[in-house]
Amino acid sequence: MISGLDFSSETIASTEKKYIEQFYKSNDPLLSDSIRYYSILFLTFLQTHEDKKFSHQDRATKKVIFDKEMSSFRTAMRYAFNKGHQIAFSLLLMKQSQEFSQDFFESPNSHDDFLYTYETMVTTDVFNDTLRRDAIDNLIKYTRRNFENGYNEIISLGTRFYKKGIGVGFEQIRKYIVQRDYKITGYSKMLSVPYNQSFTVTPAFKATFSLEHQDYEEWDLHWDETYGFNAAKGMLAKAMINRLNVGDVRSYAQKDASTYKMINQFSSQDFQDSDVVYLIRIDFLVTDTENFPRLLQNSEYNAIKLALKQTIRRRLKVDNSHLFITN
C-alpha cells in the first residue's frame with residue numbers, strides 16, 4: 001500500500017484494467033520491442049534443442065511447427081506481461097501489502113528497487129499460480145512435443161516479461177496515482193539521458209550515463225532489473241557515441257583514415273558537408289562474468305547492436321542512414 005492512499009479491491013481492479021488498456025492504445029514500444037528481441041533468442045533455443053524425432057522432419061513440417069511455436073511464444077509473453085501488470089497494482093495499492101511512502105516514488109532508483117525487492121513480497125506459490133498457467137502452460141506443453149529442456153527456458157523468458165509488466169504498472173502508479181516526478185539532476189547534452197538514473201537501451205539491458213564532452217557521449221551497459229540486483233551490478237559493455245560532421249568525414253577519408261573511409265563509403269552521397277552523422281561503438285566486456293545470469297548467445301550480439309541503434313535513433317530523431325555502429 002501507499003501511505004495516505006486507500007483503495008477498495010474493486011477500485012484496484014478497475015484502475016488496473018484502465019491502465020493496461022491505456023498502455024496498449026499508446027505508442028510505447030516496450031512490449032513490442034521486447035517480443036521482437038526475445039523471439040530471436042527463443043528461436044535460437046528451439047533450433048539448438050530439437051529432439052531426435054523432430055530433427056528428421058522435412059523442412060516444410062519444421063516450418064509449420066516453428067511458426068506455431070513463435071506465435072504461441074508471443075501470446076505467452078503478452079500473457080506474462082499482463083499478469084505482471086496486475087500484480088504491480090495489487091502489491092502497491094492493496095492494504096495487506098508492504099507500505100511505501102509517497103516520497104519513495106521520487107527516488108530515481110525506485111523503479112529498479114521495487115523490482116529488486118519483488119521476490120521478498122510474493123511467495124513462490126503466488127508466483128506459480130499467476131505465471132505458470134494458461135498461455136505459458138500451453139507454450140510449455142506444445143514445446144515439449146518437439147524440443148528438449150523447454151520448461152526452464154520458457155519460465156525464464158516468461159519471468160522477464162512478467163517483471164516488465166510490473167515495471168509498467170509501477171510507472172503508471174507513480175505518474176498518474178501518486179503523481180510524483182523523479183528527482184533527476186540533469187540530462188546529457190547530446191542524447192538527453194539522465195545523469196543519475198538508469199535507462200533502457202535494449203529489452204535485456206539498461207545503461208547509466210558515464211562521460212560526455214563536445215560531440216561525444218559514453219554509457220555503461222548492464223543487465224536490466226528483470227534479472228535481479230546481482231546481475232545489474234556487473235557491467236556488460238560500454239557504448240560510445242560520436243557526432244561527426246560529414247565534411248570532416250570526407251576529408252579524413254581522403255587521407256585513408258580507415259574508420260572515416262568506412263563511414264564515407266556507406267554514407268549517402270546526397271549528404272551535404274554540413275550534415276551530421278553518428279558513429280556508435282559498443283565494446284563488450286568479458287572479464288566480469290561472476291554475476292552473469294546467462295551467457296550471451298551469438299545471435300544476441302547482433303540483436304543488441306540493432307536494439308541499441310534503434311534506441312539511439314529514437315533519441316536523436318534521425319533515420320538509420322545517419323547512424324553507423326561497430327564493435
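Two strands count as paired when DSSP finds at least two bridges between them. That idea runs through the first views of this predicted model, starting with methionine 240, whose bridge partner in strand 5 is arginine 281.

**View A. The whole sheet, strand by strand.** Six strands make up an open sheet, lined up in the order 1-2-3-4-5-6, and the pairing is mixed. The edges belong to strand 1 (199–200) and strand 6 (323–326), each of which pairs on one side only. As a reminder, strands of a sheet pair through backbone hydrogen bonds, and they can do so parallel or antiparallel.

**View B. The strand 1 edge.** Strand 1 and strand 2 (residues 205–213) run antiparallel and are joined by two bridges. To find your way in, look for threonine 200, which sits opposite lysine 206 of strand 2. Keep an eye on Thr200, as this residue turns up again in the pocket view.

**View C. Strand 4 and its two neighbours.** On one side, strand 3 and strand 4 run antiparallel, with seven bridges joining them. Here tryptophan 219 has alanine 239 in strand 4 as its bridge partner. Strand 4 also pairs with strand 5, again in the antiparallel sense, over nine bridges. Along that seam, arginine 243 faces tyrosine 278 of strand 5, and Met240 is bridged to Arg281.

**View D. The strand 6 edge.** In which sense do strand 5 and strand 6 pair, parallel or antiparallel? They pair in the parallel sense, over four bridges. Leucine 279 is a handy marker, standing opposite phenylalanine 324 in strand 6.

**View E. Helices lying across the sheet.** Helix 11 (residues 246–254) lies across strand 4 (235–245) and strand 5 (276–284), at about 95 degrees to strand 4. Helix 13 (residues 298–316) lies across strands 1, 2, 3, 4, 5 and 6, and runs at about 145 degrees to strand 5.

**View F. Helix 13 by itself.** With 19 residues at 1.5 Å a residue, helix 13 should span 27 Å, and its end C-alpha atoms sit 28 Å apart, so the two values agree. Its buried residues include Ala303, Ile304, Ala307, Leu308, Ile312 and Leu316, but also Glu300, Lys305 and Lys309. Just past the end of helix 13, lysine 317 takes a positive phi of about 60 degrees.

**View G. The largest pocket.** This pocket holds about 1600 Å³ of space. It is lined by 47 residues, and the ones closest to its centre are Asp28, Pro29, Leu30, Thr200 and Arg315. Elements giving two or more residues to the lining are helix 1 (9–25), helix 2 (30–47), helix 5 (110–116), helix 9 (150–178), strand 1 and helix 13. Which of these gives the largest share of the lining? Helix 9 does, with nine residues.

**View H. Glutamate 106 in its loop.** Glutamate 106 belongs to the loop between helix 4 (59–93) and helix 5. Is Glu106 buried or exposed? Its relative accessibility is 17%, and the cut-off for buried is under 20%, so glutamate 106 counts as buried. Leaving aside residues up to four places away in sequence, its contacts are Arg180, Asp181, Tyr182 and Lys183.

Key
Residues numbered from 1 in each chain as written. Predicted model: local features only at pLDDT ≥ 70, side-chain atom pairs only at ≥ 80, totals over all residues. Heavy atoms only, no water. Contact = heavy atoms within 4.5 Å. Axes fitted to C-alpha atoms, helices over the stretch in contact; angles between N-to-C directions. Expected span 1.5 Å × (residues − 1). Buried < 20%, exposed > 50% of the residue type's maximum accessible area, 1.4 Å probe, protein only. 1 Å grid on protein atoms, 1.4 Å probe; cavity = no way out; pocket = protein on both sides within 12 Å on 5 of 7 lines; lining within 4 Å. Points joined across faces, edges and corners; volume = space filled by probe spheres on them.
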